[in-house]
There are 2 protein chains.
Amino acid sequence: MKMTSLDLVENLLGEFATSLEPSLLEVLPDSQGMEEQVIDAMRYALFAGGKRLRPFLVVMTSRLFSVEEENAIRVAAAIECLHTYSLIHDDLPAMDNDDVRRGKPSVHKKFDEATAVLAGDALLTLCFEILSDVKTHSDPEIRCELIATLSRAVGALGMVGGQMIDLKSENQSLIENEINRMQQMKTGALIVFSCEAGAILAQVKGKRRDALKHYGRDIGLAFQIVDDLLDIERSSLDIGKTAGKDIRAGKATIVSLIGAGNAKIKADKLINQAIKGLEIFDDKANILRSLAAFVVGRNY
Amino acid sequence: MKMTSLDLVENLLGEFATSLEPSLLEVLPDSQGMEEQVIDAMRYALFAGGKRLRPFLVVMTSRLFSVEEENAIRVAAAIECLHTYSLIHDDLPAMDNDDVRRGKPSVHKKFDEATAVLAGDALLTLCFEILSDVKTHSDPEIRCELIATLSRAVGALGMVGGQMIDLKSENQSLIENEINRMQQMKTGALIVFSCEAGAILAQVKGKRRDALKHYGRDIGLAFQIVDDLLDIERSSLDIGKTAGKDIRAGKATIVSLIGAGNAKIKADKLINQAIKGLEIFDDKANILRSLAAFVVGRNY
């Protein structure tokens with residue numbers, strides 16, 4: 001059977017996910033007493049079967065600029081800690097109230113709500129601890145730029161603000177621009193940062209850095225559309241989280257606004273745009289091109 | 001009427017709290033859309049009448065080493081954001097379930113639980129955004145050291161871990177060492193960092209930095225004992241939060257373990273030790289000496 005480029009990306013992603021695990025274990029603190037439960041919860045959430053898409057983007061964009069792999073891996077681990085915090089808090093009863101995540105009990109079901117809040121808090125804090133450490137890069141200016149750029153991407157005007165809008169938008173009708181802005185903040189900003197991280201580590205600015213940011217923005221939006229389509233099309237079992245929730249909660253998505261067919265067309269357009277934007281990198285960016293196709297091709 | 005040194009410290013703290021407000025307003029993001037509610041909640045919590053003890057410690061210890069005041073103020077604002085996040089999350093129903101904070105509705109009562117989780121997350125993130133910014137110090141090495149030291153102090157082996165132990169210890173009997181460790185993690189570590197921050201900004205190491213860390217540890221523990229005593233002795237109205245909660249929840253405190261009388265003696269001992277430890281700084285540290293006395297003298 002011939003391997004398609006999608007199969008290749010899937011294999012690469014799988015291998016990468018496995019190779020990242022020792023680094024994630026290494027950054028987790030060793031529990032030294034009664035606080036053990038919060039560290040157990042952090043570990044549970046970190047190893048609950050995530051695809052490691054954001055870390056993969058960090059490492060692949062870093063390779064474009066021949067960044068030291070151990071530096072890229074540290075940033076990748078930090079971003080996965082941060083992404084995991086956001087999932088734990090989003091699943092809380094007061095937020096999206098999701099009892100299942102990737103086919104397993106979410107953290108507040110496996111442990112309890114207090115532990116879930118604290119595990120999220122600790123993972124967010126750990127992300128910045130990792131990034132500020134000299135092991136992440138010998139140049140403190142670069143470490144500060146990573147922290148400054150990331151914290152802007154995930155704060156009140158980024159990921160957290162996007163989640164706020166998402167919650168506020170239940171049973172409200174947003175126009176397409178508002179939904180785009182919300183998605184860009186909620187999930188897009190962290191994906192953009194994951195793509196930009198390699199350029200920051202290599203101190204690359206200008207057109208090449210902008211190209212990666214645009215690539216991140218395009219695949220981030222496409223990824224979100226695909227996620228929303230899956231939310232409608234698949235059963236709970238298939239996607240490993242409670243399906244159809246967004247629809248039931250009356251949440252505004254691009255799919256609910258323009259319909260599934262138009263949304264698929266839009267996702268494809270975004271992917272073409274993402275691939276085109278990588279021209280500046282010639283063949284070195286082939287994995288990123290395949291990854292873009294993989295994002296929309298994976299399940300529909 | 002003659003002013004005592006305690007009156008002087010109280011006045012100084014009050015003036016300082018007022019003078020810090022513009023800096024706190026400055027670091028808050030401007031809301032640009034539907035995410036406004038989370039920024040409103042951050043502002044509400046930041047301006048709910050905190051004593052600004054931790055920022056005060058940052059600025060006063062910075063003055064020992066003639067650190068630029070604007071640098072110290074930025075670190076002070078960052079620490080207050082972080083402290084405020086911890087209060088918001090601690091008050092959540094799943095945690096300490098406190099509906100009142102400093103005589104006002106806590107954030108999840110004033111807004112809702114989801115907004116409280118998000119406002120806490122955003123304030124924690126904002127703290128690191130502030131510290132990584134060149135405005136906080138021109139030397140990125142110093143900014144990274146602030147972030148690294150703070151993140152260790154408030155993560156799973158620091159403040160968050162302490163809160164985990166506190167929750168786990170309900171209706172359990174801890175021995176004195178375990179309670180001390182829990183308090184040191186939960187509230188002590190951030191106070192120690194607040195005292196150490198001046199030394200980090202001035203790149204001072206060795207005995208003078210250690211002296212400030214010991215001072216922070218001592219007043220932090222004394223402060224916690226006084227807080228636990230107040231929790232027993234005062235009514236809800238007086239201390240502006242639901243009183244007697246720790247007793248009702250069966251929480252382990254030094255006071256419940258060794259009794260109020262012995263706890264007062266212990267607090268006094270800690271304060272004498274804190275004052276003695278400042279000898280290395282001669283008269284320049286007089287405010288810190290008065291502050292130590294103020295911590296235990298304030299209300300009992």
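Which residues in α1(A) meet which residues in α4(A)? In this predicted model, the α1(A) side of the contact consists of Leu20(A), Ser23(A), Leu24(A) and Val27(A). Their partners in α4(A) are Ile73(A), Ala76(A), Ala77(A), Glu80(A) and Cys81(A). Sorted by class, the residues of this contact comprise 7 nonpolar, 1 polar and 1 charged.

The geometry of the pair may be considered next. Helix α1 of chain A spans residues 5–27 and helix α4 of chain A spans residues 69–91. The two pack at an angle of about 70°, and their axes are 10 Å apart. Because angles of 65 to 115 degrees count as roughly perpendicular, α1(A) is described as roughly perpendicular to α4(A).

From this helix pair the account turns to the meeting of the two chains. Here 46 residues of chain A are in contact with 46 residues of chain B. On the side of chain A that touches chain B, at least two residues each are supplied by α2 (36–46), α6 (113–132), α7 (140–154) and α8 (159–168). The largest share, 12 residues, comes from α6(A). By class, that side of chain A has 26 nonpolar, 10 polar and 10 charged residues.

Finally, there is the nonpolar interior. The largest nonpolar core has 208 residues. Within that core, the residues with the most contacts are Ala119(A), Ala222(A), Ala119(B) and Ala222(B). For one of these, Ala119(B), the neighbours can be named: leaving aside residues up to four places away in sequence, Ala119(B) touches Val38(B), Ala41(B), Met42(B), Ala45(B), Ile88(B) and Val107(B).

Methods:
Residues numbered from 1 in each chain as written. Chains lettered and ligands numbered in written order. Predicted model: local features only at pLDDT ≥ 70, side-chain atom pairs only at ≥ 80, totals over all residues. Contact = placed C-beta atoms within 7 Å. Helix = DSSP H or I, 4+ residues; strand = E, 2+ residues; numbered from the N terminus. Nonpolar A, V, L, I, M, F, W, Y, C, P; charged D, E, K, R; others polar. Core = buried A, V, L, I, M, F, W, Y, C linked by C-beta atoms within 7 Å. Buried ≥ 20, exposed ≤ 12 C-beta atoms within 10 Å, placed from the backbone. Axes fitted to C-alpha atoms, helices over the stretch in contact; angles between N-to-C directions. Parallel < 35°, antiparallel > 145°, perpendicular 65-115°, else oblique.
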